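Let's take a friendly walk through this structure, starting from one charged pair and working outwards. Keep the viewer open as you read.

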Amino acid sequence: SGFNSVGHMDTMLQGRHHIGHYKEGEEFIQNVFHVLFLLFSGKEKSNLSICWLQYEISKVVQCLQAKNKKKLKAQGRKSKKLAKNLLKAPDNRNHLSLWKLYAYLEWLLGNTDDARKVFDTALCTAGTGGLKSPQLCSLSLLYAQLEVELLESIEGAVMSRAVHILTKLAESGPYVPYSGQVLSVNILKARKTYEHALQDYLSKTLVSDQDRGSDANQLVNLVGCYALFQYLTVGIDAAVLIYAQTSEKLEAPGPQTCENTGENFGIQNFPTALEAVTLLHTNLLRFHMKISVYPLNPLREALTEALKRYPSNQSLWRSYIHIQRKSHSASKARRFFDSVTRSTNSLEPWLFAIRAEQMRKKLTENVQRADVGEIHSTIPETGLTNRIIALFEHAVQSENGTHCPLLWRMYLNFLV
């Protein structure tokens, strides 16, 4: 085609192939990492290691989405080799965030038992910080979330490995690998510990900005662990209640003058924490709907509220489009997209509105051509085509849309 993209652009379909990682672009990125690696030391080097491993994981995820087993195997070998080399570095041996990513990589590659061993080893060597240690909380939360995703139903989840992980985290003692059962008395103690820890967090004073960043992460991990624990031991309503209480506390507007008193702990302090908690909340509802019967409305309401507040959050938009595909009436979603695009400058609502209509168009065309093979339907679906073109026109006229290459490429692609 005369040009190659650097790195990765997976937004366009070219024939049947996704545009993925080009060889030249990939070499360039690897060289950048290698050169930078020699220049850094200490904490910066560890952070660079995390970025590098996250980039490798993104490529594995891309292979999984493309369902390319051959490529996945080769990519998995490369990524694992890099992860092991990074962990061999003396500075990184006790770096929990790196261990967490390595375990996640093994899990994505389908090596569940190996991943569990890595998680268990990391938890055993992590010490006894319990809920006070942000890295330990983050590690336990990911481990528990992955375990929960393996559950067929919520029945009997009280005895699951996920509950064991979350209970051990609350005990603040040395970690013991799962042996097949969890004692009820430990569950009760853990619930009390979580409750007190969350209360303390929500009422404590935040002094410096630096504390605020790490505290925001820690609060999100704590809420995630507690809500997941309640979900597995009590039920979905108990988990939703925790998210609701936390969001209420984080939203409470406090006067800016005396930010250092515990009472005035408002959204101006923790906007990122509130967004992350909302994401955990909607993801849990989506998961629960997948494994059991549950009404759609709570999830739809949570998503519309969240998107009004965070119109540029792509994960929330993805979930919103996903649930809207299930409903036969498009008017509600269209009205919502319209109201959001009017009230914000961010480009995501436009892109996702277009995406939703394109998916609807594809669905309609598939239905119309169901029995006649490749012969095109005699009645073309012009209504949706005109609507999509109108959306593109409005989007490229907006201030950000004019300067967005992706939007112009999508528009050209659609017209072709």
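Which kind of contact do the side chains of Asp-113 and Arg-116 meet in? They meet in a salt bridge, with an N to O distance of 3.7 Å. A salt bridge here is a side-chain nitrogen of Lys or Arg within 4 Å of a carboxyl oxygen of Asp or Glu.

Before going further, please note that this is a predicted model: local features need pLDDT of at least 70, side-chain atom pairs count only at pLDDT 80 or more, and totals for chains, interfaces and linings use all residues. Residues are numbered from 1 along each chain as its sequence is written, and side-chain values use heavy atoms, with hydrogens and water left out.

## A charged network

Asp-113 and Arg-116 both belong to helix α5 (residues 112-125), where they sit 3 residues apart, about one turn of the helix. Helices (H or I, at least four residues) and strands (E, at least two) are DSSP runs, numbered from the N terminus. As background, an α-helix has 3.6 residues a turn, so residues three or four places apart point the same way.

The two partners differ in their surroundings: Asp-113 is exposed at 53% relative accessible area, whereas Arg-116 is buried at 18%. Buried means under 20% relative accessible area, exposed means over 50%, and partly exposed lies in between (1.4 Å probe, protein chains only).

Arg-116 also forms a salt bridge with Glu-147, at 2.6 Å from N to O. Arg-116 lies in helix α5 and Glu-147 in helix α6 (residues 134-149), so this pair ties together parts that are 31 residues apart in sequence. Both Arg-116 and Glu-147 are buried.

Glu-147 in turn meets Arg-161 in a salt bridge of 3.7 Å, N to O. That pair links distant parts of the chain, with Glu-147 in helix α6 and Arg-161 in helix α7 (residues 161-171), 14 residues apart. Through shared partners, salt bridges join Asp-113, Arg-116, Glu-147 and Arg-161 into one network. Glu-147 and Arg-161 are both buried. Across the whole structure, a search finds 10 salt bridges.

## Loops worth a look

Here are some loop residues with their computed accessibilities.

| Residue | Loop | Relative accessible area |
|---|---|---|
| Phe-40 | between α1 (23-39) and α2 (42-66) | 33%, partly exposed |
| Lys-67 | between α2 and α3 (69-88) | 73%, exposed |
| Ser-172 | between α7 and α8 (184-203) | 34%, partly exposed |
| Leu-296 | between α11 (271-291) and α12 (297-309) | 21%, partly exposed |

What is the phi of Lys-67? Lys-67 has a positive phi of about 55 degrees, although it is not a glycine. Ser-172, another residue other than glycine, also has a positive phi, near 60 degrees. For context, most residues other than glycine have a negative phi.

Phe-40 joins Val-35 and Leu-39 in a nonpolar surface patch with about 300 Å² of accessible area together. Patches are made of residues with over 30% relative accessible area and no salt bridge: like charges are joined within 9 Å, and nonpolar side chains (Val, Leu, Ile, Met, Phe, Trp, Tyr) within 5 Å. Accessible areas come from the Shrake-Rupley method with a 1.4 Å probe; for residues, only the protein chains shown count as cover.

Leaving aside neighbours within four places in sequence, Leu-296 is in contact (heavy atoms within 4.5 Å) with Met-289 and Ile-323. Ile-323 is among the buried residues of helix α13 (residues 314-324), which also include Leu-316 and Trp-317.

## The nonpolar core

Which residues touch the most other members of the largest nonpolar core? In this core of 114 residues, they are Tyr-194, Leu-228, Tyr-231, Leu-232 and Leu-407. Helix α9 (residues 209-233) gives the core its largest share, 12 residues. A nonpolar core is a set of buried Ala, Val, Leu, Ile, Met, Phe, Trp, Tyr and Cys residues joined through side-chain atoms within 4.5 Å. Not counting residues up to four places away in sequence, Leu-407 touches several residues, including Leu-347, Phe-392 and Gly-401.

## The whole chain

The chain has 17 helices and 2 strands, and 44% of its 416 residues are buried. Among contacts between residues at least 6 apart in sequence, 58% join residues at least 24 apart. The chain exposes about 23200 Å², of which carbon and sulfur atoms supply 55%.
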